[in-house]
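Trainee: I am new to this structure and would like a close look at a single part. Could you walk me through one sheet and the strands in it?

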Amino acid sequence: METLLVNAGGLALMAAIVWWFWLSGSDDTGSNDHQHHH
Amino acid sequence: MTDTPVLQTTLSISGASCQGCAKKIRNALEPLTGDTELVEVDLEQQTVALPEGVDAAEAARIVTETGYPAEPVEEDAEPASCCASGNKSENHTGDDSENRATAEESVPSSPEATTGDSGQVHLSVTGATCASCVNTIEKALMSVSGIRHAHMNLADNTATATGDADPEALVKAVESAGYGASVIEDEDEADDRKQEEDRKQYRTLLVKMAVSLGLGLGLMVWGMGFGTMMVTDANQGTWLGLGVLTLIVMAATGGHFYTGAWKAFRHHNANMDTLIALGTGTAWLYSIVVASIPGALPEMARHVYFEASAMIIGLINLGQALELRAKGKTSEAVRRLLDLRAKTARVIRNGEERDIPVEEVQKGDHIRVRPGEKLPVDGVIAEGSTRIDESMLTGEPMPVSKSEGEEVSAGTLNTHGSIVYEATRVGSETALAQIIRLVKKAQGSKPAIGRLADKISSVFVPTVMLIALVAALVWYNVGPEPAVVHMMVAATTVLIIACPCALGLATPMSVMVGVGKAAEYGALIRQGDALQTAGKLDLVILDKTGTITEGHPAVTRVHVSDSDEQRLLAIAAGLEQHSEHPLAEAILAKAREEDVQLEKVTGFEALNGKGVQGELDGEPVRLGNRKWLEQEGIDLGDLADAARAITEEAGTPLFLALGGKALGVIGVADAIKPDSKAAIRRLHDAGIRVMMVTGDVDGTARAIAKKAGIDDYRAEVLPEDKAEVVSEMRGKGFTVAMVGDGINDAPALAAADVGFAIGTGTDVAIESAGITLMRGSLHGVPDAIEISRATVKNIHQNLFGAFVYNTMGIPVAAGLLYPVWGILMSPILAGAAMSLSSVTVVSNANRLRLFRTSHRPERNDSNSDPKQQQERN
């Protein structure tokens, strides 16, 4: 149970980082730098 | 182009690399244009064309906000090569060289020359520490409506925003991004204030470092020497207390990291502060959990890391303090220029002499300067003569003689006599003030390589956070016990070691030192790109007149066929007195020297590419090239042999005919500068081909090329065609530098990869070239190239160091070596390594200050001027 929680938490955090810094960037980086990934 | 309305407004953009980007730009502009089809995105040219009537500034703002920095293209920013056709009426003979008058009336604007200082706001920024901060601040500034371009210089902590916006709004934007900002109104005052602030900040950082490092070391010594870093029932209370103390110290000495991280986070950004805050925060949180509820963790995992949090903050503060001090040293070049300014001036008003502060000097004031004093402003000597040491501005070591009517510059030193001069340029208009502005601007500019580093580091921090999480999960799932401890240590270490501060400093530090070094050698570099490109040059094209040669032609030979020399000169000078051409001046000077009474020539006319003509006693008199006179049916007889001799001596032959009869030929030559040959040899030594372009006939050009040791030449090139030669050579794959006098060569300078405007003294046309040489000597070109190569090498070393450090450091920190050798890096070591990397980068950039160019006296020609030989040795 604990293992599951820790792993799920870690993955959720990673998803949150990707979302916050790349996908949801309203005014900035995210959008700019994202351009260079495709 | 499609069948849309006339496309008139154009934006220049950057960063659009694919059709997806183009689509995104078109969509973003739809509200403005009404239809995505009306927007043309040219990915190759990086331009966006919009239909007529669209507000360019607004469109640029929208495109910039979409993620592609955009600027409206000014209509007068057309490439300069288009503007060279405005010849003055007086083009001399065809074999005459440079038609110097050509472009004076229509000095073309180089692409860079269009934006002046207008609409720019300079901000002093505090709290920026790394490449990510630079991105955050630039983006914050760009988000202010009306701003077209923003640029942050990490090396001197200033930001420049171009556009139409309230300075206060810019300050607020930077502040809300998590940094401090203030508007720079008076540059001088700002410099003094910045120096004072830096000193204060340095002291503060040292105190903070001492406190946090003291606590960290104390905890470590206490824990290891007298007790244990493991929490037990007996010491739980003590550790709890120490945990709270650590938190207080962390907040007091590293508070700026946490506030910076939070503010960046709110703006969807992550920077160096983020990594430090997360790293030290994770260590403290874990430790406080252990200290509060040790029972929740397995016994082996009850280890505290309070000392790590405190020591990391201490080490990073130490690194920043050292960095601050080294940064101060790099701007020495500017400071030295600033120190050249005189504080007071002895002004003569109403017949009375008095000392007044230099700021109060006005144009037209008469100023007395005694021997040993610095000149306070620019002006023209009204009384007396002296020798002036201009080395601080031009790099020319020998004092220059100056007498009435000659120009003098602020910051130079009067070494000899007492003079009175009239102020012509004061305050920010003086050559010195302009040079200071230029050097500062160039020091802050970012070459392409630096922009790449910024781009990388803006995605770097969030990526590191992901890596830290992956490492933590791997340790948790497959690592040995105590897994929780290993997981925490690995994540903390990754976060701490990955700080991209070295990456952010790598380019600006080197550029700053390199530009300063070049200024020391009398080469003013206008942008970072010129600095970077100058290192890659493989072909240097030299203009002849004023570049290789002195630019002051003199009569070298007079050959008479049917007249006497006096009469020949009297007619030629009588004709040429109506002309202002350099060749005319040479003939007039010769006539004056020989004390010849000039003939009265009427009906003067200059014929482009042929020569000049007039009338003497009702007979036509012509002075010009051979082709023209032969076309007119004049038999030149044995003058052709004399002309050949003139050409072989690198001179230009001018034939004089009265009526239908040739009277003689005058040879006019422009002496090669004493050090041109040595400078050209230095270019060869650097592996660079050298080519000369001139309007001279082939024979003269060949003779000059041979004398100067030039590989290749193009003769009979009209001034307006020089740019074409440059483009042609670029087309052949050469990276081309054009060296010219900056006025009539402006189109060619702009067409080259790097344009060198060669000026004598302070009389420079700095706007037309990437690099301006303040000395008349060609040595400035190899000097600038050598400095550029050294700087680019330095940048590469720095970037390589920073990249290697980060790419090697992260896997080691994540524990990749653990399975093989059982090595897991401690977070404290990571903190020390991180600080060390910044200090290394800054120190390496400072190493450039010791750079010396290869200009040595023994390398000079036998005909070198002894003055030049003393230079810089």
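Mentor: Let's start with strand S11 (residues 366–369) and strand S17 (residues 419–425) of chain B, which run antiparallel and are joined by 4 bridges. Strands here are DSSP runs of E, at least two residues long, numbered from the N terminus, and two of them pair if DSSP finds at least two bridges between them. Within this pairing, Ile367(B) stands opposite Tyr421(B) of S17(B).

A word on the source: this is a predicted model, in which local features need pLDDT of at least 70, side-chain atom pairs count only at pLDDT 80 or more, and totals for chains, interfaces and linings use all residues. Residues are numbered from 1 along each chain as its sequence is written, while chains are lettered from A and ligands numbered from 1 in the order in which they are written.

Now step back to the whole sheet. It is open, has 6 strands and antiparallel pairing, and follows the order S10-S9-S11-S17-S12-S15 in chain B. Strand S10 (352–357) and strand S15 (407–408) of chain B each have a single partner strand, so they stand at the edges with one side left without a neighbour in the sheet.

Stay with strand S15 of chain B, where you will find Glu407(B). Glu407(B) has 16 C-beta neighbours inside 10 Å, so it counts as partly exposed; that label falls between buried (20 or more other C-beta atoms within 10 Å of the residue's own) and exposed (12 or fewer), with C-beta atoms placed from the backbone. Finally, Glu407(B) and Ala423(B) are 16 residues apart along the chain, and their C-alpha atoms are separated by 9.9 Å.
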